[in-house]
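The following exercises ask the reader to work through a structure step by step. Each task is followed by its solution.

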Amino acid sequence: MADLWEELQSVANDAPASFTAAPGERGTIKAKANFNVNEDVAALRKAIEGIGTTEKTLIEILTHRSSSQKQAISKAYQETTKRILVNDLKGDTHGDFEKVLVALARPPAVNDAKWLNKAMKGAGTDNSILIEILSSRTNKQIKELSAAYSEKTKKTLIQTLKTEVSRDYGKAILLLAEGARDESTNVNANQAKEDAKALYYAGEKKLGTDESKFIEILCKRSIPHLRQTILEYKNISGKTLQKSIEKEMSGNLEELLVSIVKCAVSTPAYFAEKLYKSMKGAGTDETTLTRVMVSRGEIDMLDIRVEYKKLYQSSLYKEINSDVSGSYGECLKMICGGED
């Protein structure tokens, strides 16, 4: 992320778009003007109930309606057919195409809750999913996904996490899961300098590392404050906070704290990197690709495209086009929304 440094210098006091933009502002999936719920329900029924599913109609509707419009469609679909839209999509489509359509049809909080639940089910925990979701969501999003999680599992997210995570990493994850990060937009430069010093003396300047100081600052402070702290840290120590964390920490705690720092610098760049890694090399990580494209489609996909081009000198659309095909590929390209 070093090449983002100059950019960060100039926007240190601005909150990143993802943490301040309302859904639809920087996303490619937007509310449809002149939305007609009955027309959409009729079109979906025709696509699903006819001989052979018309994939094009499913893609067109589910990638060109806002989340609230899609919930209105789901409700009207159930009232009209006495069936659940998500179940019909599952029954009529297969594989990665089915997964992306089902995720597009569900509310974002339900998707997050289901992804977290799956990450903690069975033997072992998929910590990378816990880290991605909890380090990149706003307090409001965390409150909403927690409510959806409780509704689905009849347990609170915090209760389940306590059985899955432990030690310093566990403390940090549980703090994030409370959804209580400071969200003020005013930055106190002196406080940011104090926090940068505290981090420096808890890590680089200390024999051993005081992890609790890193956790307290990175999991509680506001995003604009963290951006300023990251700048001050570089001034004090001569190296980036990310580099220091990578040197001082290891394992899940390192991955979590680095993710928080990356999201503070630029959430869109963080997700551009996730998308790049899901497609590079032999084979494609469709699970990550689907999760990121769907979860960011209505939030900051326009910014992710810009960051992707900046970081990898190639357009996200072209990478998707060369990496995945068929109806699944068409659906992802529609979410991407442009070739630039």
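**Exercise 1. Determine which residues L316 touches, leaving out those up to four places away in sequence, and place L316 in the nonpolar core.**

Solution. The model is a predicted one.
Step 1. Beyond its sequence neighbours, up to four places away, L316 touches L275, M279, M293, M301, I304, R305, Y308 and C336.
Step 2. The largest nonpolar core has 94 residues, and L316 is listed with L161 and M293 as having the most contacts inside it.
Step 3. Helix α17, residues 251-279, supplies the largest share of this core, namely 15 residues.

**Exercise 2. Locate S266 and find the backbone nitrogen that its side chain approaches.**

Solution. Step 1. S266 belongs to helix α17.
Step 2. Its relative accessible area is 7%, so S266 is buried.
Step 3. A polar atom of the S266 side chain lies 3.1 Å from the backbone nitrogen of A269.

**Exercise 3. Compare the end-to-end distance of helix α13 with the expected span, then describe the surroundings of the helix.**

Solution. Step 1. Helix α13 covers residues 189-202, which is 14 residues.
Step 2. The expected span is 1.5 Å times one less than the number of residues. For α13 this gives 20 Å, and because the end C-alpha atoms are 20 Å apart, the two values agree.
Step 3. At the N-terminal end, N188 acts as a cap: one of its side-chain oxygens is 3.0 Å from the backbone nitrogen of N190.
Step 4. The buried residues of α13 are A192, D195, A196, L199, Y200 and A202. Their cover includes α14 (211-220), α15 (223-237) and α16 (241-248).

**Exercise 4. Classify the ring pair formed by Y200 and Y201.**

Solution. Step 1. A pair of aromatic rings is described by the distance of the centres and the angle of the planes.
Step 2. Across the whole structure, six aromatic pairs are found. In the pair of Y200 and Y201, the ring centres are 5.5 Å apart and the planes meet at 70°.
Step 3. Planes over 60 degrees apart count as edge-to-face; the pair of Y200 and Y201 is therefore edge-to-face.
Step 4. Y200 has a relative accessible area of 15% and is buried. Ring pairs also bring Y233 into a cluster with Y200 and Y201.

**Exercise 5. Are the partners of the salt bridge between D300 and R296 buried or exposed? Examine the bridges E79 to K75 and E144 to K140 in the like manner.**

Solution. Step 1. The count of salt bridges comes to 20.
Step 2. Buried means under 20% relative accessible area, and exposed over 50%, with partly exposed in between.
Step 3. D300 and R296 meet through their side chains in a salt bridge of 3.0 Å, N to O. D300 is at 0% relative accessibility and therefore counts as buried; R296, at 1%, is buried.
Step 4. Other salt bridges, through shared partners, join R45, E49, R83 and D88 into one network.
Step 5. E79 and K75 form a salt bridge whose closest N and O atoms are 3.3 Å apart. Because these residues are four apart in helix α5 (residues 67-81), about one helical turn separates them. E79 is partly exposed at 49% relative accessible area, whereas K75 counts as exposed at 55%.
Step 6. E144 and K140 also form a salt bridge, at 2.9 Å from N to O. They are four residues apart in helix α10 (residues 139-153), so they too are separated by about one helical turn. E144 has a relative accessible area of 38% and is partly exposed, while K140 is exposed at 57%.
Step 7. The general rule is that an α-helix has 3.6 residues a turn, so residues three or four places apart point the same way.

**Exercise 6. Where do N34 and Q313 lie, and what is the sign of phi in each?**

Solution. Step 1. N34 lies in the loop between α2 (17-20) and α3 (37-49). Its phi is positive, about 50°, although N34 is not a glycine. The relative accessible area of N34 is 74%, which means that it is exposed.
Step 2. Q313 occupies the loop between α19 (301-312) and α20 (316-323). Its phi is likewise positive, near 50°, and Q313 is a residue other than glycine. At 64% relative accessibility, Q313 counts as exposed.

Notes
Residues numbered from 1 in each chain as written. Predicted model: local features only at pLDDT ≥ 70, side-chain atom pairs only at ≥ 80, totals over all residues. Heavy atoms only, no water. Core = buried A, V, L, I, M, F, W, Y, C linked by side-chain atoms within 4.5 Å. Buried < 20%, exposed > 50% of the residue type's maximum accessible area, 1.4 Å probe, protein only. Helix = DSSP H or I, 4+ residues; strand = E, 2+ residues; numbered from the N terminus. Contact = heavy atoms within 4.5 Å. Polar contact = N/O pair within 3.5 Å; in protein donor to acceptor, adjacent residues only side chain to side chain. Salt bridge = Lys/Arg side-chain N within 4 Å of Asp/Glu carboxyl O. Phe/Tyr/Trp six-rings, centres within 6.5 Å; stacked < 30°, edge-to-face > 60°.
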